[in-house]
Amino acid sequence: MKLPDPEPEEEEEEDEEEEEDPRKAAPAMPPPLSELWKEGVYEWFGSVLTSAQRLEFCCGLLDLCHPLELRFLGSCLEDLARKDYHSLRDSEIRANSVADLAGVGDPRDEVTRSKLVVSLALLGSENREAAAVLARALTRGPLPLSERGAQEFLLLLTMASNHPAFSFHQKETLRRQLAELQRRPGSGGRTSQSSGCKVTGGGGGAGGAAG
């Protein structure tokens with residue numbers, strides 16, 4: 001008469017069967033990004049997109065990041081921003097001063113648009129009062145702008161509609177205005193192939209008022 005197999009051995013056999021079950025195998029790691037693919041993305045991002053499109057794209061990517069990834073990216077951005085801290089300090093103070101922003105001119109003026117770009121770039125994330133002043137300046141009604149002026153205004157509306165200092169209602173109003181301007185012929189919109197105006201510290205146009 002044959003004795004039954006001991007219970008522990010049966011459990012061990014079941015464990016081996018579970019380990020061999022392909023349905024429970026760990027998911028495969030995604031393949032590494034090729035250098036050619038990455039270079040293509042960098043070229044598209046830096047040379048094809050306008051400044052407004054780059055900012056909109058980056059904000060979309062940030063929304064997809066996990067909390068720890070955001071904290072890591074925040075540390076990287078903080079380190080990069082520290083390099084220009086002293087040169088932009090005076091501009092940052094003016095950008096967050098309601099009294100200084102109250103005298104902002106007509107957005108149809110190129111110099112005014114340049115100042116608004118700098119103000120939005122340096123506006124604190126919790127400065128609701130200054131954001132309200134900027135929102136009023138950007139929503140004064142339809143603006144008869146040139147093609148260059150329209151692209152600069154696209155940048156302003158993109159920055160404001162993604163800025164944390166603006167309220168939900170202000171962002172919704174700005175996004176509607178942004179969508180209307182994107183549909184305007186010659187404004188560039190989402191499919192522009194030119195470099196457009198850029199948020200930089202020097203030069204003319206919308207990026208030249210940092211000094």
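Helices α2 and α3 pack with their axes within 8 Å of each other, crossing at roughly 135°. The model is predicted. Helix α2 spans residues 35–48, and helix α3 spans residues 51–64. Angles over 145 degrees would count as roughly antiparallel, so α2 and α3 are classed as oblique to each other.

Which residues of α2 and α3 make the contact? The table lists them by helix.

| Helix | Residues in the contact |
|---|---|
| α2 (residues 35–48) | Trp44, Phe45, Gly46, Val48 |
| α3 (residues 51–64) | Gln53, Arg54, Phe57, Cys58 |

By class, five of these residues are nonpolar, two are polar and one is charged.

Two of the contact residues, Trp44 and Phe57, also help to form a nonpolar patch on the surface. Leu61 and Leu64 complete this patch, which covers about 390 Å². Helix α3 gives the most to the patch, with three residues. Leu64 lies in helix α3.

Charged pairs come next. How many salt bridges does a search of the whole structure find? The search finds nine. One salt bridge joins Asp79 and Arg82, with the closest N and O atoms 3.2 Å apart. Both residues sit in helix α4, which runs over residues 67–82. Why are Asp79 and Arg82 separated by about one helical turn? Asp79 and Arg82 are about one turn apart because three residues separate their positions in α4.

Terms used
Residues are numbered from 1 along each chain as its sequence is written. This is a predicted model: local features need pLDDT of at least 70, side-chain atom pairs count only at pLDDT 80 or more; totals for chains, interfaces and linings use all residues. Side-chain values use heavy atoms; hydrogens and water are left out. Axes are lines fitted to C-alpha atoms, for helices over the stretch in contact, and angles run from 0 to 180 degrees between N-to-C directions. Helices (H or I, at least four residues) and strands (E, at least two) are DSSP runs, numbered from the N terminus. Angles under 35 degrees count as roughly parallel, over 145 as roughly antiparallel, 65 to 115 as roughly perpendicular and the rest as oblique. Contact means heavy atoms within 4.5 Å. Ala, Val, Leu, Ile, Met, Phe, Trp, Tyr, Cys and Pro count as nonpolar, Asp, Glu, Lys and Arg as charged, and the others, Gly among them, as polar. Patches are made of residues with over 30% relative accessible area and no salt bridge: like charges are joined within 9 Å, nonpolar side chains (Val, Leu, Ile, Met, Phe, Trp, Tyr) within 5 Å. Accessible areas come from the Shrake-Rupley method with a 1.4 Å probe; for residues, only the protein chains shown count as cover. A salt bridge is a side-chain nitrogen of Lys or Arg within 4 Å of a carboxyl oxygen of Asp or Glu.
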